[in-house]
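Reader: Please take me through one part of this model slowly, and explain any term I need before you use it. I would like to follow how that part is placed among its neighbours.

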Amino acid sequence: MSEPILKAEHLGITFGGLKAVSDFNMTINKGELVGLIGPNGAGKTTVFNLLTGVYQPTEGAFYLDGKKMNGKKTYQVVRAGIARTFQNIRLFKQMTVEENVLVAFNESFTYKMGGAIFRTPRFWKQENDMHAKAIDLLHIFGLEGLANTEAANLPYGAQRKLEIARALATGMKLLLLDEPAAGMNPTETEDLLNCINTIRDRFGIAILLIEHDMSLVMNVCQRIQVLDYGRTIASGLPEEIANNPQVISAYLGADDDTESEEAN
Amino acid sequence: MKKSMLSIKQSYIVCVIGIVVLFGILMGVCETGMVSLYVKGIIMTCCIAVIMTTSLNLTIGVLGQLTLGCCGFEAIGAYSAALLSKLLIANGVVMNDTLRFLLVTVAGGLVACVFGVLIGIPALRLHGDYLAIITLGFGEIIRVVIQNLKIAGGEGLDKGQQGQALIGIDRLANLYVVFWITVITVVLLFMFARSRYGRAVKAIRDDEIAAGASGINITYMKVLVFAISAFFAGIAGGIFAQYIGALTPSMAGWLQSINYVIMVVFGGMGSLTGSIVSAVGLTILPELLRAFSDYRMLVYSVVLVLIMIFRPQGIFGNWEFSLPKAINRIFYPKGKKGAKADTTETAEAKEAKHE
């Protein structure tokens, strides 16, 4: 079998005396959709921040396509091929929908400052090519009609989609989705999930998905890993996870008093 | 999309024609002796203000980082240019006046640019109010250092005494040359802002974290913009030095910087054409009000307050005036959008200056 897209080994981070995440291991293969779940404050978003270079791990290492990613800055990790979306949507609000995507294409441009200033033929060719590519990408999400709308004026569901489109535009191999369905109604959620499946099939990328909604995760993920208090408490196929007593206790509150404080 | 509207090439031509017409008007009024030396001086000051304000707008409006030290860079440019000019004369370098003016001015810009990078790297680690305060601090440091520097007319850094003005700088600034420098500055800033660089910079303004997550090297882009702003501030300083012929360190003071920040906010953050209009307007306004002598600053402040109450986003907001777009609207009212390149809005905005 070929090299996994992402491999995390004993990844961990400590804030002062608090172990936010410890001994996090994960392997994601090409085309796989893996879920990362856990109660509030379990460290899911911290894992995302570790994998995107926002935080530097205090222990362990992670590899993208076999290349070690520790110590890289966010923009370097993104250029290497890990892109993400955010729990609370972060769009470039005063820019148009198309510009949002074009920003992420930035690294695909090769013209330099001189080209921009003198408006060389290369400048026009690349700008036109990228415009076409951006429209193509927006088309997948059904946003092409809104290309010239300011991002801040999009409806909520469309903003979520635009964020994913922007992440795709970076040309990544691994997409990290942080609660993409948060705040959506069931129809919007379904629409979004279709979208996720489409892009996974079409671009052949791997996806790591954080979601609170267990039933939703069970439907789409091929494998699931469960975090609680920064530790992995379970990992496996959706059916195994659903019946795992530890997982159930973490979500619903344990009978014994070990983890009663934050149980719900 | 393009049919019955101006093509990209035509838009450029329209802009060039606009600028040339503007230059023609300028030359006309100057050559026929319609305007006094006093008015020519105001036009010169307007040009300097336009360069300062548009370049500052790149940092404040487009990059979204509030800096209060722009006049520090202007002063660095002015003093470097002045000293280089003196050095050239002292060494008996013979050169065409215009050429020497350009050389000295660009050198001033480059020195300011170097300082922009040096100060930008530590300062831009901070955001918002903190960045404003640290740049304010750097501006004051520049002022105090220049005040005491021996070559700039001071008593030496260890003496701590206020020096005198630096005088006797060759007054080579020619209104026509300065006009074209201003045009080039504005055009360059537009080209920068309407390219992948400009998009990356705007992305940083809108959401820094998301910009990083889209693969943009934030530190690099910030320092780049800061350096470009400092470069043009230095150019403005160089022109100023060779126009006035004498320099005092007070030009680096924070009050001066705030004056330019007011112009940026007044014209609309992120709108370069807005900056041009407000720089020209706010330079002319106090002069027009000279008749009221004692009350003129009062009126000036009232105007500022009123504009901020009724147009808090500035005169232009983040809207850019575009001559080709205006022409499209007049001649092809059906078409919704102008051609893609509406670069040199300079033309019309500068017309306001001369009317």
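Author: Two strands are said to pair if DSSP finds at least two bridges between them. With that in hand, and keeping in mind that the model is predicted, we can look closely at strand 9 of chain A, which runs over residues 223–228. This strand is mostly covered, since five of its six residues are buried.

Strand 9 of chain A has pairings with two other strands, which can be taken in turn. With strand 3 of chain A, made of residues 33–37, strand 9 of chain A pairs in the parallel sense, and four bridges join them. To find a place where these strands meet, look for L36(A), whose bridge partner in strand 9 of chain A is Q225(A). With strand 10 of chain A, residues 231–236, the pairing is instead antiparallel, and it extends over five bridges. Here D228(A) can serve as a landmark, for its bridge partner in strand 10 of chain A is R231(A).

The turn between strand 9 of chain A and strand 10 of chain A deserves a pause, for the two form a hairpin with two residues between the strands. Within this hairpin, Y229(A) takes a positive phi near 50°.

Put together, strand 9 of chain A is bridged in the parallel sense to strand 3 of chain A and in the antiparallel sense to strand 10 of chain A, while five of its six residues are buried.

Definitions and conventions:
Residues are numbered from 1 along each chain as its sequence is written. Chains are lettered from A and ligands numbered from 1 in the order in which they are written. This is a predicted model: local features need pLDDT of at least 70, side-chain atom pairs count only at pLDDT 80 or more; totals for chains, interfaces and linings use all residues. A residue is buried if 20 or more other C-beta atoms lie within 10 Å of its own, exposed if 12 or fewer, and partly exposed in between; C-beta atoms are placed from the backbone.
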